[in-house]
Amino acid sequence: MSNLLDTSIEFLKGVGPARGDLLRRELGIGTYRDLLHFFPNRYIDRTKYYKVNELRPNHSAEVQIVGKVVNIKTVEQQRGKRLVATFIDDTGQMELVWFQGHKWIKESLKPNMPMVIFGKVNWFNGVFSMPHPEMEALEEHKQNLRTAMQPVYPSTETLGNRGVSNRVVSKMMQQLFVETQANFAETLPPYLIDELKLIPKNAALFNVHFPKSQELLAKARFRLKFEELFFIQLQLITKNLIRKHKIKGNAFTTVGKHFNDFFQHHLPFGLTDAQKRVVKEIRHDIGQAAQMNRLLQGDVGSGKTIVALMSMLIALDNGFQSCLMAPTEILATQHFNGLTELAKPLGINIKLLTGSTKTPDRKIIHEALEDGSLDILIGTHALLEDKVQFKNLGLAVIDEQHRFGVEQRSKLWKKNDIPPHVLVMTATPIPRTLAMSLYGDLDISVIDELPPGRKPIQTVHRTDGSRLKVWKFLKDEIAKGRQVYIVYPLIQESEKMDYKDLIDGYESISRDFPLPQYSVSIVHGKMKPAEKEAEMKRFAEGKTNIMVATTVIEVGVNVPNASVMVIESAERFGLSQLHQLRGRVGRGAEQSYCILMTGHKLSNDTRTRLDTMVRTNDGFEIAEVDLKLRGPGDLMGTQQSGVLNLQIADLVQDREILQVARNIATKILKEDPTMERADHAAMRHTFIELSRKKNIWNYIS
Ligand code: ADP
Ligand code: MG
């Protein structure tokens with residue numbers, strides 16, 4: 001069977017080389033198997049026939065009508081010609097319109113012959129028209145087997161223009177089922193089919209293309225979605241198991257002096273349950289002789305830093321060094337200050353290395369790293385330089401994973417024979433669904449709880465019209481001793497204009513909040529690191545009231561006294577970015593606010609983004625909305641866009657199925673890691689076949 005499905009698509013009767021080429025190029029359909037797994041994206045009820053007088057101007061779905069063509073004419077228009085036919089039934093008349101393929105259509109249109117037309121209708125100047133209808137003689141139509149749900153396959157403009165209509169694709173599908181005798185091998189173990197009450201593979205494929213009923217269609221789709229997600233999970237989990245097997249790691253078996261001393265005597269606050277749980281997960285992982293590769297997700301302010309420190313202390317207790325890498329100098333410095341403060345009573349050696357570390361200091365750091373007297377190194381990209389040689393790096397913590405590529409990361413551990421454990425911390429909550437599919441080969445820890453006593457940030461949306469009121473509010477807050485961020489967008493393509501907006505904004509704010517009563521800081525990407533640093537420092541020390549900035553403050557900066565975040569041109573920010581920015585406030589005990597400033601004209605998507613921000617502080621909920629608005633590819637950045645070439649499942653809608661698929665895949669691989677069991681033979685076969693077709697999985701490092 002598998003051989004037949006590998007047949008090149010042009011050999012299917014009615015396809016041929018030219019069309020085969022087209023299908024390959026436009027839809028990526030190269031074989032019988034590809035066609036079989038080319039699924040409809042929706043279905044239309046073709047048991048219903050409309051009358052012309054039943055058409056309504058805002059009818060959006062396709063309709064089918066029985067009638068006849070009575071008149072054909074060519075109409076000249078500004079660009080090219082248009083072929084127009086008058087179509088009538090016993091209730092009225094409408095137009096059929098073609099912009100292409102006139103010759104062929106003129107020849108095949110038979111006036112006064114009863115026929116069925118099918119397509120979308122437009123309404124213009126009191127006339128209904130149907131562009132490029134599908135047509136069939138009524139006689140022929142009656143003979144064809146009709147199913148209630150007519151599949152509609154994805155298409156492209158080129159395909160439409162080249163005559164590969166939906167009907168043509170449906171016919172190809174029929175031919176495929178004839179040639180293969182609709183005999184497709186089962187891929188899942190029988191017990192699983194029983195347990196999940198799935199319909200057999202054969203029935204699923206048949207009903208997804210030729211649904212016999214709504215009910216069977218639903219069952220078919222469920223079965224195929226499950227199967228798709230299940231095999232992806234099998235792949236990802238297997239990969240993870242192999243990594244754990246193959247990539248050795250240093251087993252940190254001792255939880256010793258430093259960790260215990262800190263945990264018992266120097267914790268500045270009680271850990272949240274979530275923090276405790278995550279520390280436990282990490283402890284377990286790094287206690288194994290396999291490399292840890294763990295993603296730590298936690299909303300802004302959830303307290304990831306202390307978890308990182310405690311992990312590094314375990315490394316230290318086992319005689320290993322650690323490093324913490326942050327994407328910006330400001331952040332690295334802040335981590336350095338914070339961790340030095342926390343670890344002060346422990347008497348350990350922590351250093352900071354960034355681009356602006358002076359040469360003599362650098363030398364000292366390099367030496368201390370190599371002779372092992374340096375315990376923890378914190379820094380930026382500077383850590384990746386060749387000169388930076390650890391004596392024995394045991395744990396690498398990476399803050400904000402989005403800014404470090406996988407390649408860069410692995411640079412760190414090329415330096416060791418046994419790679420360090422890796423902990424990647426991110427405040428961008430990736431919806432679990434997506435994380436599970438994209439990072440199925442990483443382990444994931446989640447801090448899903450904020451430290452106690454935090455007041456939820458109040459968020460409002462204001463338009464430019466209420467700027468005076470907003471400024472008054474800021475003045476009241478400043479009078480109470482609070483500080484304020486005002487953030488402007490910075491988007492690469494229009495950097496110059498953004499810069500101008502920022503400077504204009506700064507000037508008008510300086511006018512509205514004049515010295516000596518107020519003082520205003522500004523930080524932006526064109527400033528030298530040292531200048532930025534100095535200005536951030538002034539703000540952090542409370543010497544200025546307002547920080548005007550571009551998104552350079554997006555990550556990590558911690559100024560607990562800042563209680564108001566104003567985001568200018570909020571419509572230009574993505575949802576997760578808005579959430580990140582908002583996370584700069586609400587870090588102290590005071591009530592904090594976030595004010596989203598926009599113009600009046602807003603798109604629907606923008607409204608959804610703003611409404612979501614106003615409604616919730618929950619980063620995961622926000623990430624889910626973001627995923628819905630933007631789609632997974634976009635959410636992850638270009639690097640991963642389009643990687644999840646899912647054929648039928650949908651990460652947002654089918655997350656419950658994904659969860660089930662993951663649980664079952666985990667269980668199966670635990671019981672039978674190599675899928676040797678007799679009842680797993682078909683599954684193993686499919687698994688191997690899919691692994692050969694690498695396209696879905698090769699994005700994973
Ligand atoms: P993030 O996860 O955004 O990196 P941080 O680690 O910077 O968060 O923590 C944010 C703030 O919360 C810091 O000031 C930190 O000291 C404080 N914090 C962390 N954990 C707790 C806790 N369990 N109880 C009280 N405060 C905490
Ligand atoms: Mg942080």
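**View 1. Glu227 and its partner in helix H10 of the predicted model.** Glu227 is buried, because its relative accessibility is 7%. The cut-off for that label is under 20%. Arg223 counts as buried too, with a relative accessibility of 0%. The two residues form a salt bridge. Their closest N and O atoms lie 2.8 Å apart. Both residues sit in helix H10, which covers residues 214–246. They are 4 residues apart, so about one helical turn separates them.

**View 2. A salt bridge between Glu535 and Arg538 in helix H20.** The side chains meet at 3.2 Å, N to O. Helix H20 spans residues 529–540. The spacing here is 3 residues, which means a separation of about one helical turn. How accessible is Glu535, buried or exposed? Glu535 is buried, at 15% relative accessibility. Arg538 is partly exposed, at 35%.

**View 3. Arg33 and Glu689 join distant parts of the chain.** The link is a salt bridge, with the closest N and O atoms 3.6 Å apart. Arg33 belongs to helix H3, residues 32–36. Glu689 belongs to helix H25, residues 681–692. The two residues are 656 residues apart. Arg33 has 15% relative accessibility and is therefore buried. Glu689 has 23% and counts as partly exposed. Why do the labels of Arg33 and Glu689 differ? Buried means under 20% and exposed means over 50%, with partly exposed in between. Arg33, at 15%, therefore falls in the buried class, whereas Glu689, at 23%, falls in the partly exposed class.

**View 4. A network of salt bridges around Arg277, Glu281, Asp285, Arg294 and Asp448.** These five residues are linked by salt bridges into a network. Two of the members are arginines, Arg277 and Arg294. The acidic members are Glu281, Asp285 and Asp448. How many salt bridges does the structure hold? The total is 33.

**View 5. An open sheet of 7 strands.** The strand order is S6-S7-S4-S3-S2-S5-S8. The pairing is mixed. Which strands form the edges? They are S6 (122–124) and S8 (134–137). Each of these edge strands pairs on one side only. From one strand to the next, the twist averages 40°.

**View 6. The S6 edge of the sheet and its neighbour S7.** S7 covers residues 127–131. S6 and S7 run in the antiparallel sense. The pairing has 3 bridges. Across the pair, Phe124 stands opposite Val127 in S7.

**View 7. The surroundings of ligand 1.** How many residues surround ligand 1? The count is 16. The closest are Gly270, Gly301, Lys304, Thr305 and Arg454. Gly303 approaches through its backbone: an N or O atom there lies 3.1 Å from a ligand oxygen. Lys304 uses its side chain, where an N or O atom is 2.8 Å from an oxygen of ligand 1. For Thr305, the side-chain N or O atom is 2.6 Å from an oxygen of ligand 1. Taken alone, ligand 1 exposes 560 Å². The protein buries 78% of that area.

Terms used:
Residues are numbered from 1 along each chain as its sequence is written. Chains are lettered from A and ligands numbered from 1 in the order in which they are written. This is a predicted model: local features need pLDDT of at least 70, side-chain atom pairs count only at pLDDT 80 or more; totals for chains, interfaces and linings use all residues. Side-chain values use heavy atoms; hydrogens and water are left out. A salt bridge is a side-chain nitrogen of Lys or Arg within 4 Å of a carboxyl oxygen of Asp or Glu. Buried means under 20% relative accessible area, exposed over 50%, partly exposed in between (1.4 Å probe, protein chains only). Two strands pair if DSSP finds at least two bridges between them. Axes are lines fitted to C-alpha atoms, for helices over the stretch in contact, and angles run from 0 to 180 degrees between N-to-C directions. A residue is near a molecule or strand if one of its heavy atoms lies within 4 Å of it. A polar contact is a pair of N or O atoms within 3.5 Å; within protein, one must be able to donate a hydrogen and the other to accept it, and residues adjacent in sequence count only if both atoms are side-chain atoms. Accessible areas come from the Shrake-Rupley method with a 1.4 Å probe; for residues, only the protein chains shown count as cover.
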